[in-house]
Amino acid sequence: VALSEGATAPVIFAGCSFAGTPKSVVHGHNPSFLSFYHCDFGTWWNTCFDLTDSTFLAVSPTFRTGEDKATLGKNAFGLLYGAEGNEDSAELLFAVSPEDAQPSAFQKISALSAASRVFPSEIVNGLDYGMSQEAANNSEALKKAVEAALLKKAILFIPEGNYDFTEAILLPKNLHLMGVGHTGTYKTTFTFHSATNGAGSMIRLEEGASLDNLEIVQAWNGSDLYAVASSASNLVLRNLSIRCAQGISLDGGKKIVVEQVNLQVSTLGISLQKAEASLRRITLTDPAATA
């Protein structure tokens, strides 16, 4: 698979089996986001991923040889969740050239067959702190996961599933919350049945926070709250689906990136009063919405 340099849209592989021995199975030097859900990386004896400026997420991948490698170039970033390997797969090596080496990318990951989660850098899994699809309100469990992620300076990862909330969420300074996506079978959905103490939104971001790969749903009638709001700077909102009365408010913030966001709203799509923001691939699917 070769992605052109200008590719920016998300690329999703689900339930795929890749056989053969190509030199590089997925090759891309672009800012695209690649997702692999329950894919089998069969009989490879060469590089699995060769990426620069890309982000990848592999959910429950299977590796079958001891020579599989993920080569991360400059600014590449990846997450492996629930990786599995057979008895031939002793380790998976993330390799970068010395001039491109970054602490988050350069790490050998051993014993994939015994690992429940592996990652080039540390992550915190929300399920380990009590988040559950059966819970009527995941607010307290998410707060505990947020605290753990901040303490460890880790990404907060929420696996696929629908998580209910009755309280608003605060993403503190520099926190990065990442789901698995918002389309198809594999997606992470936050459903809000109310949002007490929301201060105008269901999710509020502080300075430097990031929110990726998530569906946000408002499950009650009302138009007074935004799905996501902030007046802070250095924010990243990427690969989101928002089904709420109001979408996003980022008034006054600077150095903001909003990419690949699908808005299904009945009143206001995006508010950017006195803000400095880069917007790419924003979709408004309700004709009554404005942005």
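Helices (H or I, at least four residues) and strands (E, at least two) are DSSP runs, numbered from the N terminus. With that in hand, Thr188 can be placed in strand β20. This is a predicted model, in which local features need pLDDT of at least 70, side-chain atom pairs count only at pLDDT 80 or more, and totals for chains, interfaces and linings use all residues. Residues are numbered from 1 along each chain as its sequence is written, and side-chain values use heavy atoms, with hydrogens and water left out. Here is a friendly tour, grouped by topic.

**Thr188 and its surroundings**

- Thr188 has a relative accessibility of 0% and so counts as buried; buried means under 20% relative accessible area, exposed over 50%, and partly exposed in between (1.4 Å probe, protein chains only).
- Two polar contacts start from this side chain: Thr188 reaches the backbone oxygen of Pro159 at 3.1 Å and the backbone nitrogen of Val180 at 3.0 Å.
- A polar contact is a pair of N or O atoms within 3.5 Å; within protein, one must be able to donate a hydrogen and the other to accept it, and residues adjacent in sequence count only if both atoms are side-chain atoms.
- Setting aside residues up to four places away in sequence, Thr188 touches a list of residues including Ile158, Gly161, Tyr163, Gly181, Asn213 and Glu215; contact means heavy atoms within 4.5 Å.

**Salt bridges**

- The model has 6 salt bridges, each being a side-chain nitrogen of Lys or Arg within 4 Å of a carboxyl oxygen of Asp or Glu.
- One of them joins the side chains of Lys187 and Glu215, at 3.7 Å from N to O.
- Lys187 sits in the loop between β19 (176–178) and β20 (188–196) and Glu215 in strand β22 (residues 210–218), so this pair ties together parts that are 28 residues apart in sequence.
- Glu215 is buried at 5% relative accessibility, while Lys187 is partly exposed at 27%.
- Arg243 also forms a salt bridge with Glu215, with the closest N and O atoms 3.3 Å apart.
- Because Arg243 lies in strand β24 (residues 236–249) and Glu215 in strand β22, the pair ties together parts that are 28 residues apart in sequence.
- Arg243 is partly exposed, with a relative accessible area of 35%.
- Glu276 and Lys254 meet through their side chains at 3.9 Å, N to O, in another salt bridge.
- That pair links distant parts of the chain, with Glu276 in the loop between β25 (256–271) and β26 (277–284) and Lys254 in the loop between β24 and β25, 22 residues apart.
- Both ends are partly exposed: Glu276 has a relative accessibility of 47% and Lys254 has 34%.
- Glu140, Lys143 and Glu167 are joined into one network by salt bridges that share partners.

**A buried acid without a salt bridge**

- Which side chain of opposite charge is nearest to Asp164? The nearest is Arg243, 10 Å away, and Asp164 is buried yet has no salt bridge.
- For charge, Lys and Arg count as positive and Asp and Glu as negative; His and the chain ends are not counted.
- Asp164, found in strand β17 (residues 161–167), does have a polar contact of 3.0 Å with the side chain of His193.
- Beyond its neighbours within four places in sequence, Asp164 is in contact with residues that include Ala135, Asn137, Asn138 and Thr191.

**Aromatic pairs**

- The whole structure holds 3 aromatic pairs; rings of Phe, Tyr and Trp (its six-membered ring) pair if their centres lie within 6.5 Å, and planes under 30 degrees apart count as stacked, over 60 as edge-to-face and the rest as tilted.
- Tyr163 and Phe190 have ring centres 6.3 Å apart and planes at 85°, so the pair is edge-to-face.
- Tyr163 in strand β17 and Phe190 in strand β20 tie together parts that are 27 residues apart in sequence.
- Tyr163 is buried at 1% relative accessibility, and Phe190 is buried with a relative accessible area of 1%.
- Phe165 and Phe190 form a tilted pair, 4.8 Å centre to centre with 55° between the planes.
- Both Phe165 and Phe190 are buried.
- Ring pairs link Tyr163, Phe165, Phe190 and Phe192 into a cluster.
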